[in-house]
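User: Please take a close look at one helix of this model, at what packs against it, and then at the aromatic contacts found elsewhere in the chain.

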Amino acid sequence: MRKILVTGGAGFIGSNFVRMVLTEHENCFVVNLDKLTYAGNLENLAGFENHPNHKFIKGDICDGPLIDKIIEQYEINAIINFAAESHVDRSIAEPKIFIETNVTGTLTLLEAARDNKLERFIQISTDEVYGSLGPDGKFTEQTPLSPNSPYSASKAAADHLVKAFAHTWGLKVNITRCSNNYGQYQFPEKMLPLMINNALNDKELPVYGDGLYVRDWLYVYDHCTAVWKVLTEAQPGETYNIGGCNEKTNLEVIDLILKRLDKPNSLIKHVTDRPGHDRRYAIDAGKIIRELNWNPSVTFEEGIGKTIDWYLSNNDWLSNVVSGDYQKYYDSMYENR
Ligand code: NAD
Ligand code: DAU
């Protein structure tokens, strides 16, 4: 039995990964460690709480003794680190927690992986560590790191630490760098679910700047299958870019959402831009396609259709998530913008 410690497994991508593993890979036991910040939500794991191959533990990746105890108690073979502060706008408003979780937290996990001689450490990184592209070209695994926001700087720092542990102590590591994920259970601070939620409620859609910023959209399930392939098939030391080959401007994505929900374009409101906003991300995913035979399972049009349908039929999830502190966050970010 493979025994893995998944961190951040109550967040968006982590919970989709845990669901996929428990559904598709019966020979794997998952310990799911999550601090349950504003972004962590046990409702993301509904139906899997009592799965025999799943143990949820509330805790912080910065807590070294806790990590050691979990590794020993559950005889963990590998760590997959999804846990992070993940939202760029929050990192601009309050950067410190990004250093604590994304840098110190990753360091704490690396020390535990090294000291307990784990077979593998997988760091879930981001294409944002490469910085911003002009109109042409794509990020490859060789593109130098040039992060622009406090969020991406903290993720790049974590990547350097992962490589340093491999180089200095021979820890068996992989880094994955993916593009923008979308799909079920995404917290509506991120652009796509925020726009879906606002459109459903006939609220303005706050488009930063000219709306011509480009992101390369990756369906979350496809990201999860890629991470599983890296865990089970990759050679140690390798880094893989993961992308959906779906470059779209923000206005193109919003247009698709409005059409699908039959809402008017007049809901769009251009607002003050994000400081230091990266213009374009695009991933060359050739390496993982060639070496690990991974391929995305859906086109963007299929994926966004499934995603919007999911939000429509999970209205309870959405209304729970946007109650309480969400409204305060929304006002602080968007009022008078
Ligand atoms: P998310 O914000 O939805 O979830 C993060 C999870 O980590 C939450 O459940 C939160 O409670 C948990 N967490 C935060 N701090 C913690 C701590 N100190 N200890 C334990 N748990 C903690 O994030 P996401 O969108 O699911 O992203 C997951 C990972 O993927 C992150 O590392 C992020 O940098 C990376 N990533 C995300 C995207 C994307 O489009 N969402 C793209 C590229 C990379
Ligand atoms: O590229 C991978 C990264 O993608 C991940 O590492 C991050 O964790 C994830 O948050 C995401 O970062 P982005 O900044 O690209 O995602 P976000 O959803 O915040 O924004 C997507 C685009 O939409 C970006 O150009 C900013 C714009 N935007 C965003 C919001 C929240 C708006 O125009 N209006 C908004 O209200």
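Analyst: What covers the buried residues of α5 includes α3, α4 (96-115), β5 (120-126) and β6 (173-178), where contact means heavy atoms within 4.5 Å, and where helices (H or I, at least four residues) and strands (E, at least two) are DSSP runs numbered from the N terminus. The residues of α5 that are buried (under 20% relative accessible area, with exposed being over 50% and partly exposed in between, for a 1.4 Å probe and protein chains only) are Y151, S152, S154, K155, A156, A158, D159, V162 and F165. An α-helix has 3.6 residues a turn, so residues three or four places apart point the same way. Helix α5 itself runs over residues 150-169, 20 residues in total, and reaches 28 Å from its first C-alpha to its last, close to the 28 Å expected at 1.5 Å a residue, the expected span being 1.5 Å times one less than the number of residues. Just after α5, G170 takes a positive phi of about 70°.

This is a predicted model, in which local features need pLDDT of at least 70 and side-chain atom pairs count only at pLDDT 80 or more, while totals for chains, interfaces and linings use all residues. Residues are numbered from 1 along each chain as its sequence is written, chains are lettered from A and ligands numbered from 1 in the order in which they are written, and side-chain values use heavy atoms, with hydrogens and water left out.

Turning to the aromatic contacts, a search of the whole structure finds 20 aromatic pairs, counted when ring centres of Phe, Tyr and Trp (its six-membered ring) lie within 6.5 Å, with planes under 30 degrees apart taken as stacked, over 60 as edge-to-face and the rest as tilted. One of them is the tilted pair of F17 and F82, 5.2 Å centre to centre with 45° between the planes; this pair links distant parts of the chain, with F17 in helix α1 (residues 12-24) and F82 in the loop between β4 (78-81) and α3 (88-93), 65 residues apart. F17 counts as buried because its relative accessibility is 0%, and F82 also counts as buried, at 12%. Y38 and F187 form an edge-to-face pair, 5.3 Å centre to centre with 75° between the planes. Y38 lies in the loop between β2 (28-34) and β3 (54-58) and F187 in the loop between β7 (181-182) and α6 (191-200), so this pair ties together parts that are 149 residues apart in sequence. Y38 is partly exposed at 29% relative accessibility, whereas F187, at 13%, is buried.
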